[in-house]
Every structure is written in C-alpha cells, then in structure tokens.
Amino acid sequence: RSYLLFEGSSGINAEYGQESNARDKTSVNLIKPYSSIFLIVESESGWTFPQKLVQDEKSLEEAAVAAVEGHPANKDIKFQVSSPLPVSVHVNKYSKKYQQHTNVTGVKTFFMKSKHDEGNFKGKTFKWCTKDELKDYLDKDVLKCVEPCLK
C-alpha cells in the first residue's frame, strides 16, 4: 500500500478564531494561519491518509498521485509529491497460519509526503488536520509510523 502524507500550508485566514469556523475541518483555509496541515480521509476502517494498493503504477510516487487524483472526494486538488522516496515504511508480517493459508508473508506500507498547492476535496469524507489533531483521528499504529516525519 502507498499512503500519502498530504501536507500543506493554510495561508492567511482572517476568519480563524470564530467559533463556527474553527470547528470546520473541511476547509484548508480555516486552519491556523501558516500551520502545517494534513489531509485525512474516511475509510471503512476509520480515518487515515489517502491510500492505494500499488498495482499498475511504475513507482510509489505514481501510486500516491493516483490515490489522491482517483479519490471520489477529489474536487480540484493540486499538489506535488515531495520526493520519490517514502518518508516512512511500515512492515506488517502476517502470522504463520495466515501465511500458510494465503501464501502471503505480509504487507509493506509506504508513506509518501507531498505539498498542497491549491484546491480541495468535497463532501464529508475528508478532514484537514494539524499535527496535534491527527491523534484524535488516526489509528495509533499509523500515527506511530508517521509521527517522526511530521513537522
């Protein structure tokens, strides 16, 4: 799997601080000015970074781009993958019993970092979060993997 740590900068926002806007996690412009922000999306297993199984893509970078561009909530988001190399890798080795049953030893999850340029997602299946807010949404194992890479 390839996850995308989608980091951006929210820019100046004169409206931040108003109670109704401070709770809105769907607008990239309503987060604290100039803070690092991260895009998370809702999946069947909870909130996580945009992700995709690497299949036909030639690189992890291509898979990361496809994860965002192909997401149903993508409206018009534009971004750049920061590096073709992952910022973190998580290896999950399956139990011996599962390995024997499926002939699969485990899964590697690659975390790629990108920079938000402009645009947004639509609907209610995504949130923009600060680093401190990620702990309220992400699975503890995912957070443990990426925490050293967050600004």
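Mentor: Two strands pair if DSSP finds at least two bridges between them. Keep in mind that this model is predicted.

Trainee: What makes strand 5 and strand 7 a pair?

Mentor: Four bridges join strand 5, residues 78-81, to strand 7, residues 106-118. The definition asks for at least two, so the two strands pair. They run antiparallel. One of the bridge partners in strand 7 is Lys115, which is matched with Gln80.

Trainee: How do you know that strand 6 pairs with strand 7?

Mentor: Six bridges join strand 6, residues 88-93, to strand 7, and at least two are needed, so these strands pair as well. They also run antiparallel. Here Asn92 has Val107 of strand 7 as its bridge partner.

Trainee: Where do these strands belong in the chain as a whole, and what is its pattern?

Mentor: The chain has five helices and eight strands. Along the sequence they follow the pattern β-α-β-β-β-α-β-β-α-β-β-α-α.

Trainee: Why is the contact between Lys52 and Glu57 called a salt bridge?

Mentor: The closest N and O atoms of Lys52 and Glu57 are 2.8 Å apart. The cut-off is within 4 Å, so the contact qualifies. By this rule the count comes to one salt bridge. Side chains of opposite charge can pair when their charged atoms come close.

Trainee: Why does Glu57 count as buried or exposed?

Mentor: The relative accessibility of Glu57 is 16%. Buried means under 20%, so Glu57 counts as buried.

Trainee: How many of the residues in the chain count as buried?

Mentor: Of its 151 residues, 41% count as buried.

Technical notes: Residues are numbered from 1 along each chain as its sequence is written. This is a predicted model: local features need pLDDT of at least 70, side-chain atom pairs count only at pLDDT 80 or more; totals for chains, interfaces and linings use all residues. Side-chain values use heavy atoms; hydrogens and water are left out. A salt bridge is a side-chain nitrogen of Lys or Arg within 4 Å of a carboxyl oxygen of Asp or Glu. Buried means under 20% relative accessible area, exposed over 50%, partly exposed in between (1.4 Å probe, protein chains only).
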